[in-house]
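This briefing looks at aromatic contacts and surface charge, and it is meant to be read beside the structure.

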Amino acid sequence: MKWILVIVLVAFAGWLLVACSKDENASPNQTLAEYVDLDRFMGTWYVHGYTPTPLDKNAYNATETYELEEDGKIQTTYRFQKGGFDGKWKTMTPRGWVHDTQTNAEWRMRFFGLFTSPYYILYVSPDYKETVIGHPDKDLAWIMTRSANLGDRDYERLLLELAKRDYEMAKVVRVPHSAD
């Protein structure tokens with residue numbers, strides 16, 4: 001059983017290396033948010049849709065919290081329960097920074113202190129209650145709001161932000177949340 005875990009971790013590390021080794025300075029290949037007010041964007045977001053990776057597959061009650069540090073870096077805390085509402089809490093803490101300071105919509109995230117990957121804010125609502133995040137390969141995406149509750153109609157509307165940028169919609173999974 002342990003050798004299976006080793007194979008999965010090695011395969012994931014290889015995938016992560018390839019996914020994160022894109023030209024860090026390449027221009028975005030899709031439409032990003034026109035401008036992101038960083039102070040308004042900071043705080044906790046509830047993840048309602050995402051493309052799972054081996055590390056966060058079967059996430060429940062997922063949240064992503066951003067904190068702007070004095071040095072301009074963005075401390076990120078991604079938390080979720082693994083496998084169900086009674087599952088063990090998992091936490092990941094990548095650090096980010098704004099790559100495009102004119103729009104603040106293009107970030108870079110460093111994972112495990114080793115890999116850097118582009119992070120695109122594709123959409124943020126005018127009231128900063130909804131956002132859609134993407135990746136250059138269009139293989140990773142997140143739909144997030146400031147509330148644990150998101151109706152089907154609003155979820156579908158936010159999915160359209162990914163669809164109009166040609167993301168593979170079949171890969172996006174809805175994240176269950178328990179009541180507030």
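In this predicted model, Trp-45 has a relative accessibility of 0% and therefore counts as buried, the cut-off being under 20%. Phe-41, likewise at 0% relative accessibility, counts as buried too. The points below take up the aromatic rings and then a group of lysines.

**Aromatic pairs and cluster**

- The structure holds 9 aromatic pairs, and one of them joins Phe-41 and Trp-45, whose ring centres lie 5.1 Å apart with the planes at 40°, so that this pair is classed as tilted.
- Another pair, formed by Tyr-60 and Phe-85, is edge-to-face, with 5.0 Å from centre to centre and 80° between the planes.
- Distant parts of the chain are linked by the pair of Tyr-60 and Phe-85, since Tyr-60 belongs to strand β2 (residues 59–68) while Phe-85 sits in the loop between β3 (74–82) and β4, 25 residues apart.
- Tyr-60 counts as partly exposed because its relative accessibility is 23%, and Phe-85, with 42% relative accessibility, also counts as partly exposed.
- One aromatic cluster is made up of Phe-41, Trp-45, Tyr-66, Trp-107, Tyr-119 and Trp-142.

**Positive surface patch**

- On the surface, a patch of positive charge is formed where Lys-57, Lys-82, Lys-88 and Lys-90 gather.
- Lys-90, a member of this patch, lies in strand β4, which spans residues 89–92.
- With a relative accessibility of 33%, Lys-90 counts as partly exposed, and this value satisfies the requirement of over 30% for residues in a patch.

Key: Residues are numbered from 1 along each chain as its sequence is written. This is a predicted model: local features need pLDDT of at least 70, side-chain atom pairs count only at pLDDT 80 or more; totals for chains, interfaces and linings use all residues. Side-chain values use heavy atoms; hydrogens and water are left out. Patches are made of residues with over 30% relative accessible area and no salt bridge: like charges are joined within 9 Å, nonpolar side chains (Val, Leu, Ile, Met, Phe, Trp, Tyr) within 5 Å. Accessible areas come from the Shrake-Rupley method with a 1.4 Å probe; for residues, only the protein chains shown count as cover. A salt bridge is a side-chain nitrogen of Lys or Arg within 4 Å of a carboxyl oxygen of Asp or Glu. Lys and Arg count as positive and Asp and Glu as negative; His and the chain ends are not counted. The place of a charge is taken as NZ of Lys, CZ of Arg, CG of Asp or CD of Glu. Helices (H or I, at least four residues) and strands (E, at least two) are DSSP runs, numbered from the N terminus. Buried means under 20% relative accessible area, exposed over 50%, partly exposed in between (1.4 Å probe, protein chains only). Rings of Phe, Tyr and Trp (its six-membered ring) pair if their centres lie within 6.5 Å; planes under 30 degrees apart count as stacked, over 60 as edge-to-face and the rest as tilted.
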